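Hi everyone, thanks for coming. Please have the sequence and the 3D view open while I talk, and stop me whenever you like.

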Amino acid sequence: MGAVIRTTHPRSRWLQWLTWLPLLACFSFAVVAQGVSDINLERQIKAAMLYKFLGYVEWPAEAFATPASPYVIAVAGASDVAAELRHLTQDRTINERPIVVQKVTSKSDLSRIHLLFIGDEYNDTLHNRLIRRAREHSMVTVTEIDRGLNIGSVINFRIIDDRIGFDISLANANAHKVKLSARLLGVASYVETGGP
Amino acid sequence: MKIIRYIQRSVSRKLMLVVLATTFLALSAYGSVMLIYDLRTYHDSWVKDLTTQANIIAEVSAPALEFDDPQTARENLNLLSTRRSILQAAIYTASGDVFAGYSATEERSQPLLPPGDEIGYVIHGDRIAVIHPVIKNGSAIGSVYIQARYEARARLTNYALILICVMAASMSLALLISIWLQAALTRPLFAVTNVAREVMQRRDFSLRAEKFSEDEIGILVDAFNDMLSEVEKRARALEDSNRSLEHEMTERQAAERALLQADRRKDEFLATLAHELRNPLAPLLNSLRILRLAGDNAEQMHEAQDIMERQLRQMVRLVDDLLDVSRITTGKLTISTSRIFVHEVMRAAVETCSAFIEKCGHKLEVIFPDETLCVEGDSVRLSQVFANLLNNSAKYTNSGGQIRFVARQVGSDVVVEISDNGIGIAADMLPEIFQMFTQVDSSLERTHAGLGVGLALSKRLIELHGGTLVAESGGIGKGSLFRVTLQTAECPDTNGAAADTEPGTSASRRILLVDDNVDFVSSMASLLTLLGHQVRTVNDGVSALGAAAEFAPDYAFLDIGMPGLNGYDLARRLREHPATARCVLTAVTGWGQDKDRELSRAAGFDYHLVKPVELARILEVLEAGPRK
């Protein structure tokens with residue numbers, strides 16, 4: 001709409017310099033901070049996404065013991081993500097269910113888990129094992145490796161143009177007996193339907 | 001003010017105003033209400049629509065916001081391009097930064113609303129903006145902003161345009177209706193108004209207003225027409241009464257004039273009468289002195305007696321005329337009718353007048369009808385008429401004139417003409433001469449006496465006979481002609497009648513005369529004695545009774561007004577007395593009215609004579625013979 005016209009008073013020019021000084025200081029600090037926490041940011045975003053995925057997935061009724069049973073997010077490896085998730089989901093609910101975050105290993109019991117995230121520090125063998133075991137349960141598996149969907153993961157994180165995106169495999173989701181919201185598919189970078 | 005006065009002058013304009021004003025107000029009110037309703041509806045639906053759009057965008061864009069996918073968000077926003085009126089749209093993050101934007105045009109402007117957690121809208125000029133939060137898991141993760149055209153003003157303009165068009169059409173229609181109404185309502189009114197104006201201007205109440213309908217105006221027209229008929233009726237009645245009043249006035253004026261004239265004539269008549277009655281007195285007195293002084297000079301005595309007789313006859317004639325006038329004016333003039341011979345009547349008239357005509361030095365030529373003609377009538381009265389007319393001719397003809405007395409039969413009528421070569425009558429006087437008291441020559445030095453009643457009396461007498469009397473004259477100095485026309489009647493047997501009357505005249509009768517006027521009684525007794533009758537005279541009623549019983553008269557002539565015993569009582573006594581029961585009784589009185597005659601007949605009288613009684617009248621009674 002209308003342009004804002006700033007009128008500058010000649011006598012207060014040196015005062016303006018004075019106000020600019022703390023701003024400049026703040027800016028330089030922020031740049032430094034971003035450089036340091038680049039890795040952290042990526043883990044934080046992924047943790048937030050994991051949390052948000054819960055809202056777009058529908059599990060079979062037998063996946064929950066009671067209507068008030070919590071969502072259980074299991075994190076294999078990636079302890080920073082697990083820590084971030086714990087922090088994030090504290091005192092929060094989705095669909096009036098509380099959220100429980102637990103650390104798992106390749107040998108852990110996966111029966112009560114709704115969403116399993118496997119960190120990229122796990123090697124292929126571990127990935128395969130976990131995914132193979134997870135296939136017996138109704139859950140969403142999330143990986144962050146290039147061939148995640150191929151090894152049977154439902155959602156796989158990818159870095160595209162400095163943005164964290166994700167691919168979805170509907171065939172894998174069907175194998176896990178979970179339904180993914182079309183709205184989630186809408187924001188997915190790539191959706192593998194599993195057809196020919 | 002001019003417009004108000006212009007409208008107030010005419011009913012049709014008022015009607016037009018009513019129709020137009022009603023239409024205008026109704027349309028304005030309806031238009032305004034509809035406009036407000038439409039604007040509200042437009043506003044509500046537009047706000048709701050945009051809010052719904054924003055909600056959809058918010059719903060759809062929630063994952064994009066959650067998973068930080070501006071590309072998807074933009075694609076979502078681009079769907080709004082189907083809505084032309086949406087100019088700008090944007091999705092903000094929870095922190096208020098633009099996450100995705102959309103613009104229908106290249107224009108980019110400042111958002112009208114700040115990003116927020118509440119649903120809201122704002123209208124600024126021709127723009128409307130809505131903000132809708134994007135809610136995920138009960139918390140706002142961003143908001144959707146949509147800015148669109150708000151076309152209320154354009155809509156308002158369109159609406160006003162439509163309203164104006166509709167109003168113009170409606171007003172035209174209303175105008176047509178009002179013109180039609182004018183024709184239906186005001187035409188009859190105008191008709192009434194025009195008729196009323198015409199009635200006022202022409203004063204013609206026979207005009208009527210035409211009736212067009214049976215409604216209230218029709219009733220008005222009927223009432224108006226009824227009122228006109230009523231007014232017409234009254235006006236006519238007023239006119240009639242005026243006319244009759246006028247007529248009455250004219251008649252009254254004429255009657256007044258006639259009265260004045262009659263009064264004047266009467267005055268003249270009185271003067272003439274006094275003069276005429278006074279005239280004979282001087283010669284009478286002179287003659288009387290001659291009789292006293294003459295002694296035995298027979299020639300002087302005879303001459304004096306002739307003068308006295310002439311003058312007395314003149315006076316008698318005057319008084320007779322006077323009595324006849326009184327009878328005419330009271331309507332008591334009557335005639336006795338019998339078959340009479342025209343030539344006898346003429347002869348009698350000539351006998352009466354011949355002396356006067358000779359004295360005047362006129363030559364009288366009498367031509368009797370070729371054959372014997374009779375008429376139904378009173379011989380005395382008819383001869384009086386003819387004598388009157390002859391006298392008249394003699395009077396108004398200069399000495400040595402020629403008078404013709406001619407009778408002839410014309411059809412079934414007898415026409416008797418008396419003509420002369422005298423002074424004649426002016427044409428304008430012809431209708432006047434038969435009026436009572438009229439005298440053609442009213443100058444003081446006129447040579448002939450008269451009361452001016454002769455012609456009037458004659459005319460009336462002829463009319464009583466069922467005939468006519470007309471006068472003709474060529475003018476002054478051309479002589480005059482009087483023509484009497486009478487109906488002829490069959491003549492009686494002349495021989496029998498003549499034989500019957502013969503012995504009556506010669507017989508000697510016993511006659512009793514009763515009257516307190518000694519002169520009259522003694523003179524009449526001398527005359528009757530001279531005629532060969534036995535006569536006894538008495539001067540009062542009481543002594544008359546004794547005289548009658550002793551004398552046993554065949555005829556008795558009784559005065560009515562007598563001291564002691566009046567004529568009526570005397571007659572009754574005489575009728576009761578055997579000696580006089582068969583006597584012929586004749587009343588002699590100054591009263592000649594019908595009621596007097598009736599009274600005398602009731603008292604037993606056979607005849608009624610009115611004073612002054614002439615010898616001829618008494619002889620007539622004697623000739624009629626004894627009581628049957």
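I'll start with how confident the model is, then go through the sheet and helices of chain B, and end where the two chains touch.

Please keep in mind that this is a predicted model. For chain A, the mean pLDDT is 79, and 80% of its residues reach 70 or more. Which elements of chain A have the lowest and the highest mean pLDDT? The lowest is helix α1 of chain A, residues 13-36, with a mean of 45. The highest is strand β6 of chain A, residues 140-143, with 92. If you look at residues 1-19 of chain A, pLDDT stays under 50 there, and the model has 3 contacts beyond four places in sequence for that stretch. Residues 21-36 of chain A are also below 50, and beyond near neighbours in sequence they have 0 contacts in the model.

Now let's turn to chain B and its sheet. In chain B you'll find an open sheet of 5 strands, with antiparallel pairing, in the order β2-β1-β5-β4-β3. Its edge strands are β2 and β3 of chain B, and each of those pairs on one side only. From one strand to the next, the twist averages 15°. Let's zoom in on one pair: β1(B) and β2(B) are antiparallel and share 5 bridges. Find B:Y92 and you'll see B:V98, in β2(B), standing opposite.

Next come the helices lying across this sheet. α2(B) lies across β1, β2, β3, β4 and β5 of chain B, and runs at about 40° to β4(B). α3(B) lies across β1 and β2 of chain B, at about 30° to β2(B).

Let's stay with α3(B) for a moment. Which of its residues are buried? They are B:T72, B:A73, B:N76 and B:L77. These four sit on the same side of α3(B), because they cover an arc of only 140° around the axis. That fits a general rule: an α-helix has 3.6 residues a turn, so residues three or four places apart point the same way. And what covers the buried residues of α3(B)? The cover includes α2, β1 and β2 of chain B, together with α6 of chain A.

That helix brings us to the contact between the chains. Here 12 residues of chain A are in contact with 11 residues of chain B. On the chain A side, α2 and α6 each supply at least two residues, and α6(A) gives the most, with 3. The chain A residues on that side divide into 6 nonpolar, 3 polar and 3 charged.

Thanks for listening!

Definitions and conventions: Residues numbered from 1 in each chain as written. Chains lettered and ligands numbered in written order. Predicted model: local features only at pLDDT ≥ 70, side-chain atom pairs only at ≥ 80, totals over all residues. Buried ≥ 20, exposed ≤ 12 C-beta atoms within 10 Å, placed from the backbone. Arc of directions from axis to C-beta. Contact = placed C-beta atoms within 7 Å. Pairing = 2+ DSSP bridges. Axes fitted to C-alpha atoms, helices over the stretch in contact; angles between N-to-C directions. pLDDT = per-residue confidence, 0-100. Nonpolar A, V, L, I, M, F, W, Y, C, P; charged D, E, K, R; others polar.
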